[in-house]
Amino acid sequence: IKTKVELDLCSITEQPLFNDGVLTVSFGAGTARAMEGVQPFDWEKRQSQRCNWSKAPSGPADLITNAASANGMEVRISNTEPKVRKDLAALLALTPNGGSSSSGSSSSSSSSSSSSSS
């Protein structure tokens, strides 16, 4: 079983920051949600299959409650700073109104999530 906190990028209220391995994101209260997922293992192929995420808030009760009332999130990311900045370029370029601070085109998904296995 895996858990994640998902956030709609349009709900971000301040420009996300990445400093010293920590990503800080501020957003409107009530816009984050916790979800649980099951990731089956394909023994024949010897690999994990795609995770099937719940559509409704799920997971540990305190995570559901805290995600629903949170207005910010800090995520410690263990990787080199250049790699993280490259992978999160679209997120880090967001401005509080949901737009992009860069003049070039960029594509980003409609949600950002952090997941962990349990």
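Hi everyone. When I say helices and strands today, I mean DSSP runs, with at least four residues for a helix and at least two for a strand, numbered from the N terminus. Keep in mind that we are looking at a predicted model.

With that in hand, the protein chain has 3 helices and 9 strands. If you walk along the sequence, the pattern is β-β-β-β-β-β-β-α-β-α-α-β. The chain has 118 residues, and 27% of them count as buried. Its accessible surface is about 7700 Å², with 49% of that belonging to carbon and sulfur atoms. As for contacts between residues at least 6 apart in sequence, 64% of them join residues at least 24 apart.

Now let's turn to a sheet. Here we have an open sheet of 3 strands, ordered E2-E3-E8, and the pairing is antiparallel. Its edge strands are E2, residues 17-19, and E8, residues 72-76, each pairing on one side only. From one strand to the next, the twist averages 15 degrees. As a general reminder, strands of a sheet pair through backbone hydrogen bonds. Strand E3, residues 22-26, runs antiparallel to E8, and 5 bridges join the two. If you'd like a spot to find on screen, look for Val-22, which stands opposite Arg-76 in E8.

Last stop: Glu-6, which you'll find in strand E1, residues 2-8. Is Glu-6 buried or exposed? Glu-6 counts as buried because its relative accessibility is 16%, and the cut-off for buried is under 20%. The side chain of Glu-6 also makes a polar contact, at 3.4 Å, with the side chain of Lys-4.

Thanks for listening, everyone!

Definitions and conventions. Residues are numbered from 1 along each chain as its sequence is written. This is a predicted model: local features need pLDDT of at least 70, side-chain atom pairs count only at pLDDT 80 or more; totals for chains, interfaces and linings use all residues. Side-chain values use heavy atoms; hydrogens and water are left out. Buried means under 20% relative accessible area, exposed over 50%, partly exposed in between (1.4 Å probe, protein chains only). A polar contact is a pair of N or O atoms within 3.5 Å; within protein, one must be able to donate a hydrogen and the other to accept it, and residues adjacent in sequence count only if both atoms are side-chain atoms. Two strands pair if DSSP finds at least two bridges between them. Axes are lines fitted to C-alpha atoms, for helices over the stretch in contact, and angles run from 0 to 180 degrees between N-to-C directions. Contact means heavy atoms within 4.5 Å. Accessible areas come from the Shrake-Rupley method with a 1.4 Å probe; for residues, only the protein chains shown count as cover.
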